[in-house]
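The following exercises concern salt bridges, solvent accessibility and contacts between sequence positions. Please work through each task before reading its solution.

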Amino acid sequence: MANDVRYCEKFSYIFLKIILIVYSTIFWLIGGFILAIGIYAEVERQRYKTLNGVFLAPAVILIVLGVMMFIVSFIGVLASLRDNLMLLKVFLYTLTFCLVLELLGGIMALVFRNQTVDILNKNIRKGIVNYYDDLDFKNIMDFVQRKFKCCGGNEYTDWKVNMYHNCSAPGQMACGVPYTCCFQKNPYEVANTQCGSKVLDKERLSLQDTIYIRGCTDAVFIWLMDNYKTMAGLMFGIIFPQFFGVIISWLYITRVEDAIAEYGTYQDSLLRAGDTEGRERKTQSKMAKCCRCLPDMD
């Protein structure tokens with residue numbers, strides 16, 4: 001009786017199977033939703049696109065993320081429904097690899113913080129060069145400058161690399177910055193689009209009441225440090241579901257492997273006994289009590 005309980009463990013098997021199916025299905029649907037949004041955003045971006053090279057296009061990032069989630073989660077759904085050990089292990093190893101990669105990436109970014117900031121500033125300056133041609137970057141940069149009250153990447157003078165804002169350029173925007181860099185006492189007032197005109201040739205201290213002189217990389221890092229609880233909660237919300245999926249997958253794989261091993265051992269003992277009718281009768285009785293219907297062993 002004790003051996004039957006150890007072998008079958010019906011409740012734990014069914015519980016783990018249901019949890020894994022639900023978990024995989026939820027992320028499969030989320031992945032499909034993200035993929036659909038990414039495809040729609042990319043179609044819209046291509047319609048108005050005037051620049052061949054893009055700066056971390058959000059649509060592309062959404063498509064890549066959606067494809068990865070959709071494929072990996074689909075493998076999890078199929079593996080848990082079919083009790084396929086190979087697919088279950090692929091699902092487990094993929095989740096583990098993604099989790100480890102994210103943790104290592106976060107640690108490397110913290111350890112090499114200065115290099116990370118330099119790379120970020122370099123990419124921002126590349127984006128500023130094509131600010132008016134790359135609508136994705138323009139929208140992101142405008143949002144960041146308004147939200148974090150900053151200007152440029154490293155500092156506001158980064159806008160000199162833009163052909164329209166360079167001091168040697170013709171036109172009203174020459175030697176200026178976009179209006180999203182402008183200091184606003186009242187966030188609800190109508191923005192003056194010329195407020196950043198002719199500021200790049202002035203002294204830094206004289207601009208404190210005109211534009212935000214702090215760079216956006218420093219502003220974002222300061223905000224992250226001030227809101228560390230929020231960021232810790234966000235990181236937990238990203239990492240915990242993956243860690244939970246790894247644990248559930250591993251437990252389910254061990255349960256399936258134990259069941260297959262026990263069933264194989266039992267079949268070998270019946271073959272050695274040489275009693276065909278007794279083997280059939282005992283096998284049917286055993287399988288009736290067992291927690292799962294094993295695939296054909298032929």
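**Exercise 1.** Is Arg 204 buried, partly exposed or exposed, and what is its relative accessible area?

*Solution.* The model is a predicted one. Buried means under 20% relative accessible area and exposed means over 50%, with partly exposed in between. The relative accessible area of Arg 204 is 35%, so the residue is partly exposed.

**Exercise 2.** Identify the residue whose side chain meets that of Arg 204 in a salt bridge, and locate both residues.

*Solution.* Step 1: the criterion is a side-chain nitrogen of Lys or Arg within 4 Å of a carboxyl oxygen of Asp or Glu. Step 2: Glu 155 forms the salt bridge with Arg 204, at 3.1 Å from N to O. Step 3: Glu 155 and Arg 204 are each in the loop between α6 and α7 (216–226), yet they are 49 residues apart, and the pair links distant parts of the chain. Step 4: with a relative accessible area of 26%, Glu 155 is partly exposed.

**Exercise 3.** How many salt bridges does a search of the whole structure find? Describe the one between Asp 83 and Lys 17.

*Solution.* Step 1: the search yields four salt bridges. Step 2: one of them joins the side chains of Asp 83 and Lys 17, with an N to O distance of 3.0 Å. Step 3: this pair, 66 residues apart, links distant parts of the chain, as Asp 83 is in the loop between α3 (58–82) and α4 (85–111) and Lys 17 is in helix α2. Step 4: Asp 83 has a relative accessibility of 11% and therefore counts as buried. Lys 17, at 18%, likewise counts as buried.

**Exercise 4.** Why are Lys 138 and Asp 142 separated by about one helical turn? Classify the accessibility of each.

*Solution.* Step 1: the two residues are separated by about one helical turn because they lie four residues apart in helix α6 (residues 135–147). Step 2: their side chains meet in a salt bridge at 3.2 Å, N to O. Step 3: Lys 138 is partly exposed at 21% relative accessible area, whereas Asp 142 is buried at 5%.

**Exercise 5.** Where is Gly 32 found, and how far apart are Gly 32 and Phe 70 in sequence and in space?

*Solution.* Step 1: Gly 32 belongs to helix α2 (residues 10–48). Step 2: Gly 32 and Phe 70 are 38 residues apart in sequence, while their C-alpha to C-alpha distance is 5.7 Å. Step 3: the relative accessible area of Gly 32 is 24%, so this glycine is partly exposed.

How values were computed: Residues are numbered from 1 along each chain as its sequence is written. This is a predicted model: local features need pLDDT of at least 70, side-chain atom pairs count only at pLDDT 80 or more; totals for chains, interfaces and linings use all residues. Side-chain values use heavy atoms; hydrogens and water are left out. Buried means under 20% relative accessible area, exposed over 50%, partly exposed in between (1.4 Å probe, protein chains only).
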